[in-house]
Every structure is written in structure tokens, then in C-alpha cells.
Amino acid sequence: MIASVAGRVAAVSPDGAVVEVGGIGLAVQCTPGTIARLQVGETARLATSLVVREDSLTLYGFADDDERQLFELLQTANGVGPRLAQAVLAIHPPRDVRRAVATGDLKALMQVPGIGKKGAERLVLELRDRLGAPTGDVSLDAVAAAAGATGSAAVAPVAPWRDQLTTALVGLGWTVREAEGALAQLAPVVDEQIAATGSVDIAVLLRQALRLLGRS
């Protein structure tokens, strides 16, 4: 098992990144929230999970170990493969996934593309005892802060935020027009974030944009 990779980010695309490790470029599939915080040329550490199929080896990357663990646990439910598990984490942070499963919040689970009512019910039934009670998750910002303190892994936001989010949403299947429409609705949230912290939280904005698009 490849538990993590650390190295220079050689390339970033809508659905993943290439991280150079020991002279080898590893293609890593990531959620839009993680991709948006990677910067080409900078060093990053990603928790990873290797999915082995008869005809392929796919490496999935995450901002922290908690996301990776939840990614793997989600796949223990019937009908949930790696792509659907990744889609869940693209919409909800680990804390919210655990809360939705623990409380039977089908509406929250159905916000994920590919999960209908029956699928949400199955997730609750099969995973309620496996995921554990909702707890505070290690956010991407916390990972970035810890990395800055130690001088290691950089999973840090890059500007401009609007371009990052548009690219991420288009990569998930929405049109540029739909993406821009959702981001326009989030303008007040951006203003509040800048006023409160002086910066923009890409992961929070992405999740809110996905929720808006999921209701449209």
C-alpha cells in the first residue's frame, strides 16, 4: 500500500495532479478541494490510497489521513466504488459525512451526484456502525498551517480563487456558465471570508457551490 506521497507538484488538472517522487511522476486522482490547494512547482504531501483493478492501478490522493480513511470505509458499502467515494468527499468534509450517516440525513447524502434515495438509505444502513460518531475533522486549512509550521508539505490555496473553482466545477461535469452562475451567488460569502480572515477558503466555497448546483 502507498500510504502517502510527498514531492514537487509537476502538474495539476481538473481531476488530479502529478507529484514527482524520486524522479518519477505519480498521477494522483484528487477531489476538487484538494486540487485547488496545490500549486505547480511547490512541494506537497498527500495521503493516498492505491486502488488495484485487473487492468489498472489508480492512486487517489487526499489532504489528510482522515479523508483517506473515510474514502476506504465508504467503499465497504455495497455499490460504492472509488469514484463514488471520492464524489462524496468532494461534496462533504469527513465530519459532515459521519454526521449524515449517523443521523440518517438522506438529503445531505443525496446531494452527491450518483446517490439517490435508495443509495443513501443503503449507506446509512451499512455504514452507521463503521464510520463512528461525528468528530471534528482535520481541515485542509489545519493541514496547511501544520505544514507551514514544520516547513514541509504545502497544501495551500493559490489565486485567483474564481478561476480555481471554475476549473474544478467544469472538471466535475458542469458547464462554465453553470459554474460562473454558482460562484456569482457566493460573492457575499467571499466578502464575509475576506472581512473575517483576510483570505478565501477554497474548500468551503467549492462545497457550497456544489450544493447550489446540486439543487439546480
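Does D96 count as buried or exposed, and what is its relative accessibility? D96 counts as buried, at 19% relative accessibility. The cut-off for buried is under 20%, so D96 falls within it. The views below come from a predicted model.

**View 1. D96 and R211 meet in a salt bridge.** The two side chains come together with an N to O distance of 3.6 Å. This pair links distant parts of the chain. D96 sits in helix 4, residues 94-103. R211 sits in helix 11, residues 202-215. The two residues are 115 residues apart. Their surroundings can be compared too: D96 is buried, whereas R211 is partly exposed, with a relative accessible area of 23%.

**View 2. Salt bridges with shared partners build one network.** Four residues are joined here: R95, D96, R99 and R211. D96 and R211 are the pair from View 1. A search of the whole structure finds seven salt bridges.

**View 3. E20 and R8 form a salt bridge between two strands.** Their side chains meet at 3.2 Å, N to O. E20 belongs to strand 2, residues 16-21. R8 belongs to strand 1, residues 4-13. The partners are 12 residues apart, and the pair links distant parts of the chain. E20 is partly exposed, with a relative accessible area of 34%. R8 is also partly exposed, and its relative accessible area is 34%.

**View 4. R68 and D65 pair up within helix 2.** The closest N and O atoms of this salt bridge are 3.5 Å apart. Why are R68 and D65 separated by about one helical turn? They are three residues apart in helix 2, residues 65-74, so about one turn separates them. An α-helix has 3.6 residues a turn, so residues three or four places apart point the same way. R68 is buried, with a relative accessible area of 14%. D65 is partly exposed, at 38% relative accessibility.

**View 5. D64 caps the N-terminal end of helix 2.** A side-chain oxygen of D64 lies 3.1 Å from a backbone nitrogen. That nitrogen belongs to D66. D66 is one of the buried residues of helix 2.

**View 6. Helix 2 has a set of buried residues.** Which residues of helix 2 are buried? They are D66, E67, R68, L70, F71 and L74. R68 appears in this set and also in the salt bridge with D65.

Conventions: Residues are numbered from 1 along each chain as its sequence is written. This is a predicted model: local features need pLDDT of at least 70, side-chain atom pairs count only at pLDDT 80 or more; totals for chains, interfaces and linings use all residues. Side-chain values use heavy atoms; hydrogens and water are left out. Helices (H or I, at least four residues) and strands (E, at least two) are DSSP runs, numbered from the N terminus. Buried means under 20% relative accessible area, exposed over 50%, partly exposed in between (1.4 Å probe, protein chains only). A polar contact is a pair of N or O atoms within 3.5 Å; within protein, one must be able to donate a hydrogen and the other to accept it, and residues adjacent in sequence count only if both atoms are side-chain atoms.
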